Amino acid sequence: SDMGIVSYSDGRIRLRLDELKNPAAAAVVKNRIRDIDGIKNVEIKVLTGSMLIEFDPAVLPPEELFEKGQKELAKHGIKLEMPEI
């Protein structure tokens, strides 16, 4: 499955989740994740269910981002597997 974390680099993470193809769900998730300290930008492409998160690793270490992101997505019934970093 190509769902979950598609790419990860320092300060950028791209996810692909079928649930984000729902515009209402995408808007809620985008706003909630954008409110986390250390998040610089969140872009969601509803057509592909792709979400790009840009963050400041000095403020928000990747492990913390994954944990907070996982919890936020879980509230919407979206399961996110942790990547191996």
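This is a short guided tour of the structure above, one selection at a time. Keep in mind that the model is predicted.

**Stop 1: the sheet**

Begin by showing the strands as ribbons. Four of them make an open sheet, and reading across it you meet β1, β2, β4 and then β3, with antiparallel pairing. Which strands stand at the edges? They are β1 (4-9) and β3 (39-45); each has a single partner strand, so one side of each is left without a neighbour in the sheet. Direction ignored, neighbouring strands of this sheet are turned by 15° against each other on average. As general background, strands of a sheet pair through backbone hydrogen bonds, either parallel or antiparallel.

Now zoom in on β1 and strand β2 (residues 12-16). The two run antiparallel and are joined by five bridges. Select serine 9, and you will find arginine 12 of β2 standing opposite.

**Stop 2: serine 50**

Next, select serine 50, which lies in strand β4 (residues 50-55). Is serine 50 buried or exposed? Its relative accessible area is 3%, so serine 50 is buried. Show side chains here as sticks: the side chain of serine 50 makes a polar contact with that of arginine 14, at 3.0 Å. Leaving out residues up to four places away in sequence, serine 50 touches Arg14, Leu15, Arg16, Glu43, Ile44 and Lys45.

**Stop 3: methionine 51 and the core**

Move on to methionine 51. Among its contacts, not counting neighbours within four places in sequence, are Ile13, Leu15, Leu20, Val29, Ile33 and Val42. The largest nonpolar core has 20 residues, and Leu15, Ile39, Met51 and Ile53 are the ones that touch the most other members. Try colouring by element of structure: β2, α1, β3, β4 and α2 each supply at least two residues of this core.

While α1 is in view, select residues 23-34. Helix α1 lies across β3 and β4, and runs at about 170° to β3.

**Stop 4: charged pairs**

Side chains of opposite charge can pair when their charged atoms come close. How many salt bridges does the structure hold? There are six, and three make good places to stop.

- Select glutamate 54 and arginine 12, whose side chains meet in a salt bridge (3.5 Å, N to O). Glutamate 54 is in strand β4 and arginine 12 in strand β2, so this pair ties together parts that are 42 residues apart in sequence. Glutamate 54 is partly exposed, with a relative accessible area of 23%, and arginine 12 is partly exposed with 36%.
- Select lysine 21 and aspartate 18, which meet through their side chains in a salt bridge (3.2 Å, N to O). Lysine 21 counts as partly exposed at 40% relative accessibility, and aspartate 18 counts as partly exposed at 42%.
- Select arginine 32 and glutamate 72, a salt bridge whose closest N and O atoms are 3.5 Å apart. Distant parts of the chain are linked here: arginine 32 belongs to helix α1 and glutamate 72 to helix α2 (residues 62-75), 40 residues apart.

Stay with that last pair. Arginine 32 is partly exposed, with a relative accessible area of 37%, whereas glutamate 72 counts as buried because its relative accessibility is 8%, under the 20% cut-off. Finally, add Lys75 to your selection: Arg32, Glu72 and Lys75 are linked in a network of salt bridges.

Technical notes
Residues are numbered from 1 along each chain as its sequence is written. This is a predicted model: local features need pLDDT of at least 70, side-chain atom pairs count only at pLDDT 80 or more; totals for chains, interfaces and linings use all residues. Side-chain values use heavy atoms; hydrogens and water are left out. Helices (H or I, at least four residues) and strands (E, at least two) are DSSP runs, numbered from the N terminus. Buried means under 20% relative accessible area, exposed over 50%, partly exposed in between (1.4 Å probe, protein chains only). A polar contact is a pair of N or O atoms within 3.5 Å; within protein, one must be able to donate a hydrogen and the other to accept it, and residues adjacent in sequence count only if both atoms are side-chain atoms. Contact means heavy atoms within 4.5 Å. Two strands pair if DSSP finds at least two bridges between them. Axes are lines fitted to C-alpha atoms, for helices over the stretch in contact, and angles run from 0 to 180 degrees between N-to-C directions. A salt bridge is a side-chain nitrogen of Lys or Arg within 4 Å of a carboxyl oxygen of Asp or Glu. A nonpolar core is a set of buried Ala, Val, Leu, Ile, Met, Phe, Trp, Tyr and Cys residues joined through side-chain atoms within 4.5 Å.
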